[in-house]
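Below are my notes on the model, set out as numbered points. Please read them with the structure open.

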Amino acid sequence: MNKITRKQFIIGGTILVLAVAVCVTAGAIAYHKREALLASTIARVQSKLADDHQIDLRIERAYFSGFTTVTFENTELVPQGRDQLAGIEELSVSIKLLPLLTGDVRFGRLRGHHAAIQLIKKDSTSNYDFLFRGMDTLQAAEVTTKEPDEARAINLAQTANNMLNNILYKIPEDMDLHEFTVTYRDDSIEQRITVPQVVIDDGNLTTAVYLNDNEAAWQVEGKVNPNRRQLHIKAHANGQRIALPLLERKFGLKLSFDTIETRLREVYWTQNELLHIKGEWAVKNLHINHWRIAQEDVALPDAHIDAEVIVGGSHVELSNTSTITVKKLVVHPSIHYSTLPNKTYALGLETPEMDAQDLFDAFPKGLFESLEGIRVSGRIKYKLDALLDTTNPDSVRFDSHMEQRDFKVNTWGKASIPKINTTFTYTPYEDGEPVRDIIVGPENPNFIPLAQISPYLKNAILTTEDPSFFSHNGFVEEAIRSSIATNFKEKAFKRGGSTISMQLVKNVFLNRNKTIVRKLEEILIVWLMESTDAVSKDRIYEVYLNIIEWGRNVYGIAEAARYYFGKYPSALSLGESIYLASIVPRPKTGLYSFNYDGNLKPYISSYFNYIGNIMARRGLAPADSSGSYGFHTVSLREALRPDPPATDTLRLELPPVDFEKQMEEVRSLLGRIFNSSKNNDEP
């Protein structure tokens, strides 16, 4: 190895001395001009807030109270034309110098007292709506820009990294904040959170939170290490439950828990383009009550989420290494959102093979009322894979598969599915109120065995509602795919993917539980019914036709055939069967299809042609070259026909007519026509 010569040593030393001299000189200049620099910086921030967000930043006094410490006195943040959003009497902040050289602003120490944030909403305006203006601006820019997607796309990984830094690097390692309050007030509600003191000492966080003058007291503690981008925060109430009364008063949602904690465990880059964010979330003894969720309290004793989020330049994903644990149930979810080349959404769900009972034991108490008390045996494993490309919704992918081994139900819960095999009482509901009790079985004279129902009616219902009913296992994935595609294109729920099995379960077991989790409960019960062969397909269809609604207080095929046509179900014609099938989705509108003479209105003829052709192609009805398929033979029972609208008699007063003169003019006109024909040699 070559030795450093005396000349090289002198040159290197000279350069080092000059560099130090420059830094010292620059530091001295900056030190003497720091007040001016501070004033200039504050002015720029005030101007930017006013121009970009219409917010006035008012600072009574700002000055350096140490080499790197700035003190602000009587600072206020006021949206223009709104109530004051935030304010603090005195705030002292020290800035770390080394990160500042690279452009990072990191707080070293923070001291403050008498700080307040107030969120106020009056009618439709608030003093915090500026937070959402940037989203509108970004959306408008995306619509108006003419640049290609690749050129104008936001780098999601870099954006996420900057957001994390902006949050974490503003958390000081040493903080002492006294008398901090947060208030929310609108036209009907006021809530206030008071924090007497927040302390961070060498990264250890401790504070107490009081709600509405000691209505509730929470303890918050944890460990913060912003430099390593790590957090661990836990909240509890010293053995009491933590409740959020604002949610109850604002939305009718009762929510409480014993403890909740979150941990940001690790943040790192791979391949200089993928940002990995790993963390955990856990809650103990969570209770939720809302009429749209469930009829009773939903209780979750223990839940834990271990998640890894990966952010790339044009995608965000929840990695399939993430784990949700509830009791013994382990689920690996995955979500993928991509902006390029097309905007796509992917969802995955997978469980390892497990004891089937572990699945049912993990359900929060009160969530699936019909399944409470069920005991099963065997092993199960589930996998879901779905993908939607927004530029081609019809290509949606949806694959759902439940593997089971030696699975059986030993004890049914509240939803005793085998009761469908025997005589039982069905109670339809309207607007939450029972209509009447209907006995489903031979004891009821209106109960019609499947063999005594017109084949036309049975085939018409299968054609319109569930063509593959006798071959599927309760679900039709193609129907679900079509439903997803249609609903996405319409931007609304326009089409469902319900099978006859699902409709039966909804009617028999879930009428009273119209909640947001009812669909999932319906799916679970259908899976139990079909996978265990608890009820035969013929019996499912027979019960279905005997209980579904066909009009106002008209339930079952016997009542429907008699009500509309005065017939027995076995005598229904092809046209009458297609009509009855057409009103199953909207039974209360059945009579709207008829004219005053009892015949069907012309607009519905295209429906007969469409359904009739399908039935004919499948050999379920004779072909009809006219395409009417019994449309003209359908006649509503006379007692149901409304009286035609009354019309006033119109009398016309005509002037006297000279009939002889009129006849002479007609004869003359005919003569001219005849002579003209002869002259032109026309026959």
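1. F470 is partly exposed in this predicted model, with a relative accessible area of 44%. That value lies between the 20% limit for buried and the 50% limit for exposed, which is why F470 falls in the middle class.

2. The neighbour in sequence, F469, has a relative accessible area of 0% and is therefore buried. How are the rings of F469 and F470 arranged? Their centres are 4.8 Å apart and their planes stand at 75 degrees, so the pair counts as edge-to-face; the cut-off for that class is over 60 degrees. F469 also has a charged partner: K537 lies over the face of its ring, at 4.5 Å from the ring centre.

3. The structure contains 15 aromatic pairs. Elsewhere, F360, F363, F368, F407 and W527 are joined by ring pairs into a cluster. A further charge over a ring is found at Y63, where R61 sits over the face at 4.1 Å from the ring centre.

4. Is helix 10 mostly covered or mostly open? The helix spans residues 500-509, and nine of its ten residues are buried. These are I500, S501, M502, Q503, L504, V505, N507, V508 and F509. The cover over the buried residues includes strand 23 (424-426) and helix 8 (455-465). Helix 11 (518-531) and helix 12 (537-547) also contribute to that cover.

5. In an α-helix, residues three or four places apart point the same way, because there are 3.6 residues a turn. In helix 10, burial takes in nine of the ten residues, including the consecutive run from I500 to V505.

6. S338 belongs to strand 18, which covers residues 329-338. With a relative accessible area of 8%, S338 is buried. What does the side chain of S338 reach? It reaches the backbone oxygen of L340, at 2.9 Å. Leaving aside residues up to four places away in sequence, S338 touches S314, H315, K343 and T344.

7. G87 is placed in strand 3 (residues 86-95). Its relative accessible area is 15%, under the 20% cut-off, so G87 is buried. Beyond residues up to four places away in sequence, G87 touches T75, E76, H114, A115 and A116. G87 and N74 are 13 residues apart in sequence, and their C-alpha atoms are 7.2 Å apart in space.

Key
Residues are numbered from 1 along each chain as its sequence is written. This is a predicted model: local features need pLDDT of at least 70, side-chain atom pairs count only at pLDDT 80 or more; totals for chains, interfaces and linings use all residues. Side-chain values use heavy atoms; hydrogens and water are left out. Buried means under 20% relative accessible area, exposed over 50%, partly exposed in between (1.4 Å probe, protein chains only). Helices (H or I, at least four residues) and strands (E, at least two) are DSSP runs, numbered from the N terminus. Contact means heavy atoms within 4.5 Å. A polar contact is a pair of N or O atoms within 3.5 Å; within protein, one must be able to donate a hydrogen and the other to accept it, and residues adjacent in sequence count only if both atoms are side-chain atoms. Rings of Phe, Tyr and Trp (its six-membered ring) pair if their centres lie within 6.5 Å; planes under 30 degrees apart count as stacked, over 60 as edge-to-face and the rest as tilted. A charge sits over a ring if NZ of Lys or CZ of Arg is within 6 Å of the ring centre and within 35 degrees of the ring normal.
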